[in-house]
Amino acid sequence: MSVDILEIKGLTKRFGGLAAVNDVSFSVREGGISGLIGPNGAGKTTIFNLITGVYKVTSGEVAFAGKRIENLEPYKIADLGVTRTFQNIRLFKNLSVFDNVLTACHMSAKYTIPEAILRLPRFRREEKLLADKARGLLEIMGLADRMDVQANNLPYGLQRRLEIVRALALDPKLLLLDEPAAGMNPDETEQLMRLIMDIRDRFTLSVLVIEHHMDLVMGICEHIVVLNFGQKLAEGTPDEVSVDPKVMEAYLGSSGGTAC
Ligand SMILES: Nc1ncnc2c1ncn2[C@@H]1O[C@H](COP(=O)(O)OP(=O)(O)OP(=O)(O)O)[C@@H](O)[C@H]1O
Ligand SMILES: [Mg+2]
């Protein structure tokens with residue numbers, strides 16, 4: 001029997017007079033890859049900000065693994081196992097690829113500040129474990145040969161990949177990806193699709209992905225939620241939503257192009 005890891009009910013977020021998200025309900029199946037799509041300004045990123053506690057909800061519920069999390073502090077939500085990447089890449093641009101991942105790994109460090117200052121054995125043991133973890137993640141994600149490169153100097157597609165590695169360093173159970181293929185060429189997008197499926201299997205996690213590249217969404221998502229003007233327009237399998245007249249109308253009416 002399938003279990004839902006994320007359940008969103010009647011979620012609403014108002015900014016002044018604008019309902020950026022309006023009474024939206026949907027679920028993400030444990031171990032699944034779900035897609036959140038819709039034209040620009042539909043409310044997709046706002047939903048990520050509500051799930052991760054960046055924004056307080058106006059009304060509605062967000063339950064993760066059966067526990068209500070709406071309005072918890074962002075770090076508590078991350079501790080429970082919900083991590084994300086950002087639409088606009090957020091890396092420490094002047095640090096190396098390795099240090100970018102190591103700083104993320106440090107979020108789970110167990111030693112105390114005095115132990116760190118005095119460089120006590122527990123600190124040194126833990127530091128080695130964290131460095132091993134960072135190296136292991138970079139190997140799995142195909143960035144091991146770029147460990148010493150400054151993040152700024154990575155090609156754009158690899159910067160996006162590094163963001164995913166940083167999110168994985170927090171040991172998520174649910175990974176939220178906000179337009180991971182933005183700015184990627186078709187080859188990079190294809191590689192990213194395989195990578196996301198590989199991550200899901202290898203780390204046994206669930207994924208909710210926002211994306212405008214329809215090839216990616218249709219290729220890897222088993223369930224898709226379509227938003228328009230803050231409201232849920234449709235949901236279902238890729239086959240179901242792609243022939244839904246309401247969805248087609250929303251996209252034809254938007255400035256879309258290859259975007260959804
Ligand atoms: N902090 C904020 N204050 C005021 N309005 C906001 C805020 N954040 C988002 N909005 C508005 O909410 C609406 C939804 O924005 P959101 O960023 O969630 O859209 P999106 O679906 O992610 O779009 P895109 O595909 O362009 O990234 C937009 O009209 C946006 O201007
Ligand atoms: Mg967005």
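In this predicted model, helix H1 lies across strands S1, S2 and S4, and its direction makes an angle of about 70° with S2. That places a helix against a sheet, and the strands are taken up next.

The sheet is open and has four strands in the order S2-S1-S4-S5, with antiparallel pairing. Its edges are S2 and strand S5 (67-68), each of which pairs on one side only. Within the sheet, S1 and S2 run antiparallel and are joined by eight bridges. One point of register here is Leu-6, whose bridge partner in S2 is Val-28. S1 and S2 also form a hairpin, with two residues between them. In the turn of this hairpin, Gly-16 has a positive phi of about 60°.

Strand S1 (residues 4-15) also pairs with strand S4 (residues 59-64), in the antiparallel sense and over five bridges. Glu-7 stands opposite Ala-63 in S4. In a regular strand the side chains alternate between the two faces of the sheet.

The surroundings of ligand 1 bring the sheet and helix H1 together again. Strand S2 (18-29) and helix H1 (44-51) are the elements that give two or more residues to the shell around ligand 1. H1 gives the most, with three residues. The full set of residues around ligand 1 is Phe-15, Leu-18, Ala-20, Gly-38, Asn-40, Gly-41, Ala-42, Gly-43, Lys-44, Thr-45, Thr-46 and Gln-87. By class, this shell has seven polar residues, four nonpolar residues and one charged residue.

The helices remain to be described. Two packed helices are described by the angle between their axes and the distance between the axes. Helix H3 (residues 97-105) takes part in two such packings, with H5 and with H6.

Against helix H5 (residues 121-140), the axis of H3 comes within 9 Å and crosses at roughly 125°. That angle makes H3 oblique to H5, and the crossing is right-handed. From H3, the contact is made by Val-97, Phe-98, Val-101, Leu-102 and Cys-105. From H5, Leu-130, Ala-131, Lys-133, Ala-134, Leu-137 and Leu-138 take part. Ten of the residues in this contact are nonpolar, none is polar and one is charged.

Helix H6 (residues 156-168) packs on H3 at an angle of about 30°, with the two axes 8 Å apart. Angles under 35 degrees count as roughly parallel, and H3 and H6 are therefore roughly parallel to each other. The crossing of H3 and H6 is right-handed. Val-97, Asn-100, Val-101 and Ala-104 of H3 make the contact with Leu-162, Val-165 and Arg-166 of H6. The residues of this contact divide into five nonpolar, one polar and one charged.

Val-97 and Val-101 of H3 appear in the contact with H5 and in the contact with H6.

Technical notes
Residues are numbered from 1 along each chain as its sequence is written. Chains are lettered from A and ligands numbered from 1 in the order in which they are written. This is a predicted model: local features need pLDDT of at least 70, side-chain atom pairs count only at pLDDT 80 or more; totals for chains, interfaces and linings use all residues. Axes are lines fitted to C-alpha atoms, for helices over the stretch in contact, and angles run from 0 to 180 degrees between N-to-C directions. Angles under 35 degrees count as roughly parallel, over 145 as roughly antiparallel, 65 to 115 as roughly perpendicular and the rest as oblique. A crossing is left-handed if the near helix is turned anticlockwise from the far one by less than a right angle, and right-handed if clockwise. Two residues are in contact if their C-beta atoms, placed from the backbone, lie within 7 Å. Ala, Val, Leu, Ile, Met, Phe, Trp, Tyr, Cys and Pro count as nonpolar, Asp, Glu, Lys and Arg as charged, and the others, Gly among them, as polar. A residue is near a molecule or strand if its C-beta atom, placed from the backbone, lies within 6 Å of it. Two strands pair if DSSP finds at least two bridges between them.
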